[in-house]
Amino acid sequence: MKSIANKTINGFPFIRYERQTYPEAEVVKRSKAFYEWMNQRRTVRDFSNKPIPREVIDNLILTASTAPSGAHKQPWTFCIVSDPSIKKQIREAAEKEEHESYTNRMTDEWLNDLLPLQTDWQKPFLETAPYLIVVFKKSYDLSADGNKRTNYYVSESVGLACGFLLAAIHHAGLVALTHTPSPMNFLTKILNRPENEKPFLLIPVGYPANETFVPNLKRKPLDEVAVYY
Ligand code: IYR
């Protein structure tokens, strides 16, 4: 009997999951190759101003939006900023908050923990990088008739989408910085976002500058991050 492609369960449409499988040796090889590739990803703070085609950004966002989300609500909005005057506004507002944070808000322990990264309140990359992707999380959706529709596991979902986004950026041969100016509400204002959206991450994307240095950080070995039962 020929198997059916689609069916309904309690009236809801389901499609056959056409998954790709590999022989075990291939699974081992692919998992290792992907780890080695992802282990080359680094957070970069020195960007080239070399432009990136809009199509590339579209594909990165589409990839991020494939992430799983609570009840498949996809509770995210990605705002893409390339306009130099908006980038300048974002830089100025971020630097104002960061200056206050570095001088008055962050604890000594926090400032000490950041020493190996050598970050400070100045954020020139917010103008240099060709694109800033500002990720907003939607605590609820507004239906056409103005009613609030709940979203679920919003931070987990948007965090996953950002992880997918960073992997897509790395895969494309570009670099990113997961920037968290704090507080971030200036982004709501500058980008004129509705009240159901809250800023989540600010991610400059581009090519690395010609000479780029990153801190010589080591990643934890497996036995420090995994417990097998
Ligand atoms: N948001 C500040 C400080 C900062 C905090 C952490 I935790 C970092 O890993 C890096 C920086 C900034 O962006 O400089």
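This text leads through a predicted model, from the residues around its ligand to several single residues elsewhere in the chain. Residues are numbered from 1 along each chain as its sequence is written. Local features need pLDDT of at least 70 and side-chain atom pairs count only at pLDDT 80 or more, while totals for chains, interfaces and linings use all residues, and side-chain values use heavy atoms, with hydrogens and water left out.

The ligand is surrounded by Arg-45, Glu-98, Tyr-102, Met-106, Trp-110, Leu-114, Leu-117, Asp-120, Lys-123, His-179 and Thr-180, where a residue belongs to the surroundings if one of its heavy atoms lies within 4 Å. By class, five residues of this shell are nonpolar, two are polar and four are charged; here Ala, Val, Leu, Ile, Met, Phe, Trp, Tyr, Cys and Pro count as nonpolar, Asp, Glu, Lys and Arg as charged, and the others, Gly among them, as polar.

An N or O atom in the side chain of Tyr-102 is 2.6 Å from an oxygen atom of the ligand, and a polar side-chain atom of His-179 lies 3.1 Å from an oxygen atom of the ligand. With Thr-180, a backbone N or O atom lies 3.0 Å from a nitrogen atom of the ligand. Taken alone, the ligand exposes 370 Å², of which the protein buries 72% (accessible areas come from the Shrake-Rupley method with a 1.4 Å probe, and for residues only the protein chains shown count as cover). Helix H3 (84–105) and helix H4 (108–114) are the elements that give two or more residues to the shell around the ligand; helices (H or I, at least four residues) and strands (E, at least two) are DSSP runs, numbered from the N terminus.

Away from the ligand shell, Thr-77 is found in strand E3 (residues 76–81). Thr-77 counts as buried because its relative accessibility is 15%, where buried means under 20% relative accessible area, exposed over 50%, and partly exposed in between (1.4 Å probe, protein chains only). The side chains of Thr-77 and Glu-197 are joined by a polar contact of 2.9 Å (a pair of N or O atoms within 3.5 Å; within protein, one must be able to donate a hydrogen and the other to accept it, and residues adjacent in sequence count only if both atoms are side-chain atoms).

Some loop residues complete the picture. His-72, in the loop between helix H2 (54–64) and E3, has a positive phi of about 50° although it is not a glycine. Gln-118, in the loop between H4 and helix H5 (125–128), has a positive phi of about 55° and is likewise not a glycine.
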